[in-house]
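Open the model in your viewer and keep the selection tool at hand. We will go stop by stop.

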Amino acid sequence: MARCRGEPLVKDQWPVFERCEESLGDGGDTGWKALESTSEEVEMSMHYFPPKKRKRSVATGKAVGVVDCSVEEVAAWVINFCSNEWMRMNEEGGNPATLELREKARVNEGTFATVKKMPFFLDNREFVFRMIWRSEEGKVLIAIESVDDKIDYGAKLKKTRAFMRGMYVLEDLPVRGGVEQCRVAFVQKIDAGGFLPTWLVDKKVLKSLAIVQQAIEEFRQVGLESRATEIEEPVEECAWFFTGVGFLLTSLCSLLFLLYGVTLKEQYLLMSFLV
């Protein structure tokens, strides 16, 4: 077990991390396809196994980006799933319900339920899950795993229970321009609880991975260019270019001075004028 700083994990929390790490590593390096990300600042890809007839749709997606804050700030933002901002995002997405099971809350853990909107010909998908974070030196890990709790939403909702496992890996980066930055990698495996068409799986995976871009926007520092889109300037090549042009012009001027018999004093005056 890795040595943790901050709130130590209790006995029932360690297996969640172990199951998430094992499950999210099942796909290996093959089968991944790049997704057309909504931003140049985030790399997205997906590992999808087309289901057999009447079988469940399962897909794993991952997103990576750089956020302008510390790992602890991103972790607190992620795990505060029922904050005003998260509730606003869920409302804008048309999701019928989102709530927290406060009786299960711990310092480093929260349990949440949300119902995600689906197209009109499909049941909405219900996710009930726990989120646990643990801190190491320069890194924070957040494990996400579905639980079996039955939820009373106070109204009858047409829904199908879906399942997921996920992991955030948040790593400190060197301070840049006086601003803390961290690398955010999010991997999520979703079992839709039934068959979904491939185009819809792609759409929903892309939407769930957009959380990384939302974190970038939430903590963006104005005037600090993102590492994800930074292009290294070819300083050396430019220097060599201007040196070559200067040498060519100097040689040409010297040839002209020689042909027209210009004295050294006159050459000096002309060069001073040109410069």
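Start with the surface view. The protein exposes about 16900 Å². Carbon and sulfur atoms supply 57% of that area. Keep in mind that this is a predicted model.

Switch to cartoon. You should find seven helices and 10 strands. The chain has 275 residues, and 41% of them count as buried. Now think about contacts between residues at least 6 apart in sequence: 64% of these join residues at least 24 apart.

**Stop 1: the strands β3, β9 and β10**

Select β10, residues 179–191. Add β3, residues 58–67. These two strands run antiparallel and are joined by 10 bridges. To get your bearings, pick V66, which stands opposite R183 in β10.

Next add β9, residues 163–176. β9 is also antiparallel to β10, with 12 bridges between them. Here F163 stands opposite D191 in β10. Follow the chain from β9 into β10. The two form a hairpin with two residues between them. Click G177 in the turn: its phi is positive, about 65°.

Stay on this hairpin and show the side chains of Y168 and F186. How are the rings of Y168 and F186 arranged, and how far apart are their centres? They form a stacked aromatic pair, 4.2 Å centre to centre, with 15° between the planes. Y168 lies in β9 and F186 in β10, so the pair ties together parts that are 18 residues apart in sequence. Y168 is buried, with a relative accessible area of 5%. F186 is buried too, at 3% relative accessibility.

**Stop 2: helix α5**

Select residues 211–219, helix α5. Colour its buried residues: I211, V212, Q213, A215, I216 and F219. What do the buried residues of α5 pack against? Their partners are β3, β9 and β10, along with the helices α2 (71–79), α3 (84–92) and α4 (198–209). Leave F219 showing, as it belongs to the next stop.

**Stop 3: the aromatic rings**

Show W77, F81, W86, F112, F129 and F219 together; ring pairs link them into a cluster. Across the protein, the count comes to eight aromatic pairs. Zoom in on one of them, F112 with F129, which is tilted, at 6.0 Å centre to centre and 40° between the planes. This pair links distant parts of the chain: F112 is in strand β5 and F129 in strand β6 (residues 124–136), 17 residues apart.

Are F112 and F129 buried or exposed? F112 has a relative accessible area of 2%, under the 20% limit, so F112 counts as buried. F129 is at 3%, so F129 counts as buried as well.

**Stop 4: E109 and its partners**

Stay with β5, residues 109–116, and select E109 in that strand. E109 has 7% relative accessibility, so this acidic side chain's residue counts as buried. Which side chains does E109 reach with polar contacts? One is Q13, at 2.8 Å. The other side chain to display is R130, also at 2.8 Å. Now widen the selection. Beyond its neighbours within four places in sequence, E109 is in contact with Q13, I79, R130, M131 and I132.

**Last stop: a charge over a ring**

Select R134 and F17. The charged end of R134 sits over the ring of F17, 4.8 Å from the ring centre.

Terms used: Residues numbered from 1 in each chain as written. Predicted model: local features only at pLDDT ≥ 70, side-chain atom pairs only at ≥ 80, totals over all residues. Heavy atoms only, no water. Helix = DSSP H or I, 4+ residues; strand = E, 2+ residues; numbered from the N terminus. Buried < 20%, exposed > 50% of the residue type's maximum accessible area, 1.4 Å probe, protein only. Polar contact = N/O pair within 3.5 Å; in protein donor to acceptor, adjacent residues only side chain to side chain. Contact = heavy atoms within 4.5 Å. Pairing = 2+ DSSP bridges. Areas by Shrake-Rupley, 256 points an atom, 1.4 Å probe, with all protein chains shown as cover. Phe/Tyr/Trp six-rings, centres within 6.5 Å; stacked < 30°, edge-to-face > 60°. Lys NZ or Arg CZ within 6 Å of the ring centre and 35° of its normal.
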